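The following exercises are to be worked with the sequence and the coordinates at hand. Each task is followed by a solution in steps.

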Amino acid sequence: MRDKKELRTAYRIPIDCDVRFNVRGQKQSYFGRTKNLSVGGIAFSSEYSATEGELLELLVVPPEEAKVAPLDTIVEVTRSVAADACFE
């Protein structure tokens, strides 16, 4: 098996948190679960099928025992793929 070359410039930290988000300018909320986080992005899964270029208002809620504030940010979708009845 060949080694896959890593193209990312930032290290990704595995993180398992609830995420709530909505498409910017819309009120309907969607929910998901984070997979990893870096200075350049976040990966999460959800039943919502995001479109490349779409802006999402995102709230990452850490576990209560983590004692850190939620991450409230706006992200631009760069990739969305179907995976196991949800999208990543």
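**Exercise 1. Determine which backbone atom the side chain of S38 reaches, and describe the surroundings of S38 in this predicted model.**

Solution.
1. The side chain of S38 reaches the backbone nitrogen of G40, at a distance of 3.0 Å.
2. S38 belongs to strand β3, which covers residues 30-38.
3. The relative accessible area of S38 is 14%. The cut-off for a buried residue is under 20%, so S38 is classed as buried.
4. Setting aside residues up to four places away in sequence, S38 touches A10, Y11 and R12.

**Exercise 2. Establish which strands pair with β3, and in what sense.**

Solution.
1. Strand β1 (residues 13-14) is joined to β3 by two bridges, and the two run antiparallel. In this pairing P14 stands opposite N36.
2. Strand β2 (residues 18-23) pairs with β3 through four bridges, again in the antiparallel sense. Here D18 faces R33, and F21 faces Y30.
3. Strand β4 (residues 41-46) is linked to β3 by six bridges, with antiparallel direction. G32 in β3 is placed opposite S46 in β4.
4. The connections can now be added. The hairpin of β2 and β3 has six residues between the strands, and within this hairpin G25 adopts a positive phi near 90 degrees. The hairpin from β3 to β4 passes through two residues.

**Exercise 3. Characterise R20 by its element, its exposure and its contacts.**

Solution.
1. R20 is located in strand β2.
2. Its relative accessible area is 40%. Partly exposed residues fall between the limits of 20% and 50%, so R20 is partly exposed.
3. Leaving aside neighbours within four places in sequence, the contacts of R20 are S29, Y30, F31, E57, L58 and L59.
4. A separation in sequence may be compared with one in space: R20 and V61 lie 41 residues apart along the chain, while their C-alpha atoms are 7.9 Å apart.

**Exercise 4. Identify the residues that touch the most other members of the largest nonpolar core, and examine L56.**

Solution.
1. The largest nonpolar core has 13 residues; those touching the most other members are V19, F21, F44, Y48, L56, L58 and V60.
2. The elements contributing two or more residues to this core are β2 and β5.
3. The strands β2 and β5 also pair with each other, in the antiparallel sense and over six bridges. In this pairing V23 stands opposite L56 in β5.
4. Apart from neighbours within four places in sequence, L56 contacts F21, N22, V23, R24, F44, Y48, T73, I74, V75 and V77.

**Exercise 5. Locate K67, decide whether K67 is buried or exposed, and state what is notable about its phi angle.**

Solution.
1. K67 sits in the loop between β5 (55-61) and β6 (71-76).
2. The relative accessibility of K67 is 74%. The cut-off for exposed residues is over 50%, so K67 counts as exposed.
3. The phi of K67 is positive, at about 55 degrees, although K67 is not a glycine.

**Exercise 6. Summarise the chain: its elements, burial, contacts, surface and model confidence.**

Solution.
1. The chain has eight strands and zero helices. Read from the N terminus, the order of elements is β-β-β-β-β-β-β-β.
2. Of the 88 residues in the chain, 30% are buried.
3. Among contacts with a separation of 6 or more, 45% are between residues 24 or more positions apart.
4. The accessible surface of the chain is about 6,900 Å², and carbon and sulfur atoms account for 51% of this area.
5. The mean pLDDT of the chain is 86, with 85% of the residues at 70 or more. By element, β2 has the highest mean pLDDT (97), and strand β8 (residues 86-87) has the lowest (56).

Methods
Residues numbered from 1 in each chain as written. Predicted model: local features only at pLDDT ≥ 70, side-chain atom pairs only at ≥ 80, totals over all residues. Heavy atoms only, no water. Buried < 20%, exposed > 50% of the residue type's maximum accessible area, 1.4 Å probe, protein only. Polar contact = N/O pair within 3.5 Å; in protein donor to acceptor, adjacent residues only side chain to side chain. Contact = heavy atoms within 4.5 Å. Pairing = 2+ DSSP bridges. Areas by Shrake-Rupley, 256 points an atom, 1.4 Å probe, with all protein chains shown as cover. Core = buried A, V, L, I, M, F, W, Y, C linked by side-chain atoms within 4.5 Å. pLDDT = per-residue confidence, 0-100.
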